[in-house]
Amino acid sequence: ECEIDVATLPAPDDGRAVYDVTVRLELGSHTREAAFQSRRVIGSPGLLEPSVSGGKRATTAWNPVRGLILRVAAAGDVADTDAEGDAFASAPVLVTEIGGADDTVVLRFNADQPYELALVGPRTRTAWVTPEREGAELSATLSLLLDEWGTGLVSLPTDDYAVVARTPKAGDELPVLVDRQLWRELPLSLDTGTHLILPGALEGGRLQLRVAPGENRDTVGSYVRRRLRDEHYPAAREMPLLDVALFETFHGRAAGDNPGPLCAELARRDSGLDLVFSVVDRSVSVPEGARSVVRWSTEWFELLGRARYFVTNAPLPPFFRKREGQVFLHTWHGSPLKRIAHDRVSQDFANWHHRRQLLVARDGWDYLLSQSPFCTEALRSAFLYDDEMLELGYPRNDLLSSPEAEEVRRRTREHLGIAPEARVILYAPTWRDNYRSGRVFDKIVFLETAEVVRQVPDSVVLVRGHYNSMEDADVQGTDRRVLDVTRYPDISDLYLAADALVTDYSSVFFDFVLTDKPMYFLAPDLAEYRDQNRGFYLDYHDTVPGPVAVTTQQVVDALLGPDEFVEVRKRFRAEYAPWDDGHASERIVDVLLRHQESAV
């Protein structure tokens, strides 16, 4: 902290002056002097309040080139109140205090009437909460848990949430502002035990809450993460192995795909293993019989060094090295139409560092899972892999052939609010390397969903983005006929709920073909994707078991026309999904348990 006494500044000749605010840092013989380069706008620096002292008034401002500046003038030259103060005073909802406990956050506020409050994020929102009167203030307790899909209560996804209010009658939403005194205390860090809440204020004083898992309290920051990686993890590798099977799906963003059913099968057999799923936060629901551990937490680093089994469908961090006695099953996540890993000839996969990391990771695998002879050949080529391949089918497709399939279809449609007679179209494209905003890949939506539900009678479109675009904002439709289901726990449920699939180059069609429902391929960027971006292992037009379109209207016309690909799908299933008979999980777990018995 540093205090600048405005009274000591030289009196400006013309009554006004502008000063740059610089910092000089001295460490031993080293000295550096520079302006402030950034500010935390969501905290108290976003307010930049004026100060009056010694007959002078200093107004703090932010210049994008010069950084922090002070405008100094005689106090009488400028009004002693600022415009922002009036905005605070006239705010309809003004939060004065923020607290939290367990899975809730408590907001105390002043308001001219009893507004309802909710948290609204880019991907989900909480229910509206009616406040209670506490003396002269109102108090609202908002839950940080929700059951969004009818699959059980989970935490809100880690994200920034705006606090909004509405009148129960009118229903119009309006922003909730931070009281000036509370703003002066920002940024805060509230630890509820299960959650870490970071309140902040946006432009104009709008309240925002960053919600994260409680484990972040001890692991946030580059320095802490580096110590966990360089000290805690190596120390764990020297300790005895634990009878733990650690599962991870899409870097912790989900708990399904191939690892999920394998975890459930081990739980069903009562294997005696502690089944642990690595998750990015508690918004990810894990299979029954398993527990979750937050990725990058202290326990997660320890389990990397001590778990006896690893089952993942995507790479672990590059610092991971399998130790003696550990068993690693890499399931991958689909039969690849598009070229992957070493078979890619452009973009980031061409750099030598990434290729080296792929080789290091591959050397730790004991088994690599395959869906078919074609998949085996492609994965061996992509990863330069010559060790044991388990060509036993994909566990993620067991549900599609199970006796429970029809009940799962009914239950999933009910949870999503879809009528039994509706025609459900699942739109599940893959991601694009060159469509991104910062670190978040854009959700690809080439299908004009509004046109589909307008022209196809009784239709509902489910938009399922790729896991790489899971952090992108949801796609919203009208009348609940367009639903974004990117974060729905298991895509197999959606396969069963759907009546048709629209995709592009995603591996989902290698799995959806098991339902024998029609598929349509919307590929407006086919030439660019094939020739400049990724490339394919197979000829696209000769392989896909459905009509290829380049416009939404062509997709609509195909949806309204007859299904002419029944025999094509039958041949495709025989060649590309020969082992997906509903028992892949059993066969693979048999291999893992035999490995355990032989080790003992």
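Strands here are DSSP runs of E with at least two residues, and helices are runs of H or I with at least four, numbered from the N terminus. With that settled, hello everyone, and thanks for coming. Please keep in mind throughout that this is a predicted model.

Let me start with the strand that made me open with that definition. Strand β14 covers residues 159-166, and D159 is found in it. Is D159 buried or exposed? With a relative accessibility of 12%, D159 falls under the 20% limit and so counts as buried. What does D159 touch, once we set aside neighbours within four places in sequence? The list is P122 and R123, together with L209, R210 and V211. Take P122 from that list: D159 and P122 are 37 residues apart along the chain, and their C-alpha atoms are separated by 7.9 Å.

Now let me step back to the whole chain. The protein chain has 34 strands and 16 helices. Its C-alpha trace spans about 85 × 65 × 50 Å along the principal axes. Of its 600 residues, 50% are buried. The accessible surface comes to about 28000 Å², and carbon and sulfur atoms account for 49% of that. If you take the contacts between residues at least 6 apart in sequence, 62% of them join residues at least 24 apart. As for charge, there are 67 positive and 94 negative charges, and the mean positions of the two sets are 3 Å apart.

On to my favourite part, the aromatic rings. How many aromatic pairs does the structure hold? There are 30 of them. A pair of aromatic rings is described by the distance of the centres and the angle of the planes. Let us try that on F374 and Y576. Their ring centres are 5.4 Å apart and their planes stand at 85°, which is over 60 degrees, so this pair is edge-to-face. And where do the two partners sit? F374 belongs to helix α7, residues 373-383, while Y576 belongs to helix α15, residues 566-576, so the pair ties together parts that are 202 residues apart in sequence. F374 has a relative accessibility of 14% and therefore counts as buried. Y576 is buried too, with a relative accessible area of 7%.

Here is a second pair, Y505 and Y540. These rings are also edge-to-face, with 5.5 Å from centre to centre and 65° between the planes. Y505 is in the loop between β32 (500-503) and α11 (508-512), and Y540 is in helix α13 (residues 540-543); the pair links distant parts of the chain, 35 residues apart. Both Y505 and Y540 are buried.

Which residues do the ring pairs link into a cluster? You have already met F374, Y505, Y540 and Y576, and the cluster also takes in F509, F510, F521, Y529, F536 and F572. If you have the structure open, do colour those residues and have a look. One more ring is worth a visit: the charged end of R339 sits over the ring of Y537, 4.8 Å from its centre.

Back to helix α15 for a moment, because Y576 has company there. E567 lies in helix α15 as well. E567 has a relative accessibility of 47%, so E567 counts as partly exposed. R411 is 156 residues from E567 along the chain, and the C-alpha atoms of E567 and R411 are separated by 30 Å.

Next, another arginine. R306 lies in helix α5, residues 298-306. At 11% relative accessibility, R306 is under the 20% limit and therefore buried. Leaving out neighbours within four places in sequence, R306 is in contact with A236, M239, P240, L241 and L242, and also with R323 and Q326.

I will finish with the backbone of two loops. D270 is not a glycine, yet it has a positive phi of about 55°. You will find D270 in the loop between α4 (259-268) and β21 (274-279). Its relative accessible area is 67%, so D270 is exposed. D516, also not a glycine, has a positive phi of about 60°. D516 is in the loop between α11 and β33 (519-522), and at 34% relative accessibility it counts as partly exposed.

That is my tour. Thanks for listening!

Terms used: Residues numbered from 1 in each chain as written. Predicted model: local features only at pLDDT ≥ 70, side-chain atom pairs only at ≥ 80, totals over all residues. Heavy atoms only, no water. Phe/Tyr/Trp six-rings, centres within 6.5 Å; stacked < 30°, edge-to-face > 60°. Buried < 20%, exposed > 50% of the residue type's maximum accessible area, 1.4 Å probe, protein only. Lys NZ or Arg CZ within 6 Å of the ring centre and 35° of its normal. Contact = heavy atoms within 4.5 Å. Areas by Shrake-Rupley, 256 points an atom, 1.4 Å probe, with all protein chains shown as cover. Lys, Arg positive; Asp, Glu negative; His and termini not counted. Charge placed at Lys NZ, Arg CZ, Asp CG, Glu CD.
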